[in-house]
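Welcome to this guided tour. Open the model in your viewer, keep the selection tool at hand, and follow the stops in order.

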Amino acid sequence: MATALTVAGIILFFLGLLFSIAWHELGHLSTAKMFGIRCTQYMVGFGPTLWSRTRGDTEYGLKAVPLGGYVRMVGMIPPASERDEGKPMGRWRRMIEEAREASFVELEEGDEERQFYQRAPWKRLIVMFAGPAMNLILAVVLFIVVLMGIGIQQPGTAVESVAECVVAADAADQSCPEDAPPTPAAEAGFEPGDRIVQIAGEPVPDWAAANELIRDSIGPTEFTVERGGERIELTADLIENDVVARDAEGEVIVKTGPDGEPLTDEQGYQIPETQKAGFLGITFQNERTPLAVGETASYMGDTIVGVGQAIISLPSKVDDVFRAAFLGEERGVDSPVGIVGASRIGGEVLSQPIPLLDRAAFMLNMLAGVNLFLFAFNMLPILPLDGGHMLGALWEWVRRGIARVFKRPDPGPFDVAKLMPVAYVVVACFLVFSAMLLIADVVNPVRIMQ
């Protein structure tokens, strides 16, 4: 059964990734057609064509290598200007002109006014931004479904377990020594399943409020709990103890080394800071709780920041991926993954013996994160990414504006072909990195469930 679920998870997440790519390209296609640009192909994937159908003047299809997709528009590169004609044909120049010729190879009669470069810069900006925008829209929708619809697992106000004795949070051995005193919760008669309603007369609407009141209290404290449908009063003599340190948002504060990186124990878990605070001796149950609009927006904002940081750190991960792929070194959970690796994680999640709703929420949340990455990555201002074409259109807009202000001749369209050698280098690096990711994902995959 676990194998079948793993395979089903791989297929489902892979289809989700393909849909994300197709959704992205649909943004380019729809806006290009809206502005009268002829689109010859709408393809998901690269390489040999597995399936295609032609509707109108566009071929729609699926290709063998699902590493992306594209919409082919006629006239993506403008013709050479008069001042460029007759220049020596060096290696760089030859690459530029070959790219220019490839852009015009599909021109047909009637395309004279249907070319991409002929559209106003603001229209080209919309066409190129529409792809990443579709990924952003899909990510927002998925996050809303997961966070506001399904909810996320977070501590509630119900008691998960009651500790028998007092042990410091940073003690190497968490078992009870013979001379250890019982916890205030054990002495007061707390039981698993009790839901804390009030502490010292203060209402406790959520875990954050309960945790703060417990930490701020020392000495005899009144607790109102719900047990078996009835409310009962318990008195616990709270003591000061070394407990896990938390910030204002309730997040655990971890120890860091001189380099600012979190410290970990022998099992790879981050080591938390400790602080003196009120101690009761219970753990709270995790409960699935839908987030409010503000909390959802904050969560998505934090995720976007995390995606940006991941993109910035991507070059530093190349060595780790290489070592994982070819030297068999251990691969961290923060290692980049490709389509194969992400799909394997989807299969791993779906096969776990946890509630189906938890598995669905995790996969949808992961797919939302992938779409945020696709949005941010494609906005990078380098060719052949969408951001590179947007940068060219913006520069043309600025250049033409300056010419109008100073009453100079129209400088014409920006010749994006001059940046094509850079695009070839970017594509080559992308292909090499993708190949390394593929090998690492097959021979040394990232595993989130240990």
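A residue counts as exposed when its relative accessible area is over 50%, as buried when that area is under 20%, and as partly exposed in between. Keep in mind throughout that this is a predicted model.

**Stop 1: a salt bridge with an exposed end**

Select R231 and E226. These two residues form a salt bridge, and their closest N and O atoms are 3.6 Å apart. Is R231 buried or exposed? Its relative accessibility is 54%, so R231 counts as exposed. E226 has a value of 32% and therefore counts as partly exposed.

**Stop 2: a salt bridge with a buried end**

Next, select D194 and R227. Their side chains meet in a salt bridge, at 2.7 Å from N to O. This pair links distant parts of the chain, 33 residues apart: D194 sits in the loop between α4 (184-188) and β4 (195-199), while R227 belongs to strand β6 (residues 219-227). Try colouring the two residues by accessibility. D194 is at 0% relative accessibility and so counts as buried, whereas R227, at 25%, counts as partly exposed.

**Stop 3: a network of charges**

Move on to D410 and R400. What joins D410 to R400? The two form a salt bridge in which the closest N and O atoms are 3.1 Å apart. D410 lies in the loop between α10 (386-405) and α11 (420-443), and R400 lies in helix α10, so the pair ties together parts that are ten residues apart in sequence. Now add R124 and E396 to your selection: salt bridges that share partners join R124, E396, R400 and D410 into one network. At 55% relative accessibility, D410 counts as exposed. For the whole model, the count of salt bridges comes to twelve.

While you are in this loop, click on P413, which is also placed between α10 and α11. P413 is partly exposed, with a relative accessible area of 29%. Then select I150 and draw a distance from C-alpha to C-alpha: P413 and I150 are 49 Å apart in space and 263 residues apart in sequence.

**Stop 4: rings that pair**

Now show the aromatic side chains. How many aromatic pairs are there? The count comes to eight. One of them is formed by F46 and Y70, which are stacked, with 5.9 Å from centre to centre and 15° between the planes. F46 is in strand β1 (residues 39-55) and Y70 is in strand β2 (residues 58-73), so this pair ties together parts that are 24 residues apart in sequence. F46 is partly exposed, with a relative accessible area of 33%, while Y70 is buried, with 18%.

Another pair to select is F373 and F377. The ring centres are 5.6 Å apart and the planes meet at 10°, so this pair is stacked. Both residues lie in helix α9 (residues 356-378), four residues apart, which is about one turn of the helix. F373 is partly exposed, with a relative accessible area of 28%.

For a ring with a charge over it, select F406 and R408. R408 lies over the face of F406, at 5.0 Å from the ring centre.

**Stop 5: a nonpolar patch on the surface**

Switch to a surface view and select F322, F326, L327, V340, L438, I439, V442 and V443. Together these residues make a nonpolar surface patch of about 690 Å². Which helices each supply at least two of its residues? They are α7 (318-326) and α11. Of the contributors, α11 gives the most, with four residues. F322 lies in helix α7 and is partly exposed, with a relative accessible area of 37%.

**Stop 6: stepping back**

Finally, zoom out and colour the domains. Domain 1 covers 1-147 + 369-443, and domain 2 covers 153-289. The C-alpha centres of these two domains lie 52 Å apart.

For a last selection, pick Y299, which lies in helix α6 (residues 293-313). Y299 is partly exposed, with a relative accessible area of 29%. Add I137 and look at the two together: Y299 and I137 are 162 residues apart in sequence, and their C-alpha atoms are 16 Å apart in space.

Notes: Residues are numbered from 1 along each chain as its sequence is written. This is a predicted model: local features need pLDDT of at least 70, side-chain atom pairs count only at pLDDT 80 or more; totals for chains, interfaces and linings use all residues. Side-chain values use heavy atoms; hydrogens and water are left out. Rings of Phe, Tyr and Trp (its six-membered ring) pair if their centres lie within 6.5 Å; planes under 30 degrees apart count as stacked, over 60 as edge-to-face and the rest as tilted. Buried means under 20% relative accessible area, exposed over 50%, partly exposed in between (1.4 Å probe, protein chains only). A charge sits over a ring if NZ of Lys or CZ of Arg is within 6 Å of the ring centre and within 35 degrees of the ring normal. Domain bounds come from an automatic or database domain assignment. A salt bridge is a side-chain nitrogen of Lys or Arg within 4 Å of a carboxyl oxygen of Asp or Glu. Patches are made of residues with over 30% relative accessible area and no salt bridge: like charges are joined within 9 Å, nonpolar side chains (Val, Leu, Ile, Met, Phe, Trp, Tyr) within 5 Å. Accessible areas come from the Shrake-Rupley method with a 1.4 Å probe; for residues, only the protein chains shown count as cover.
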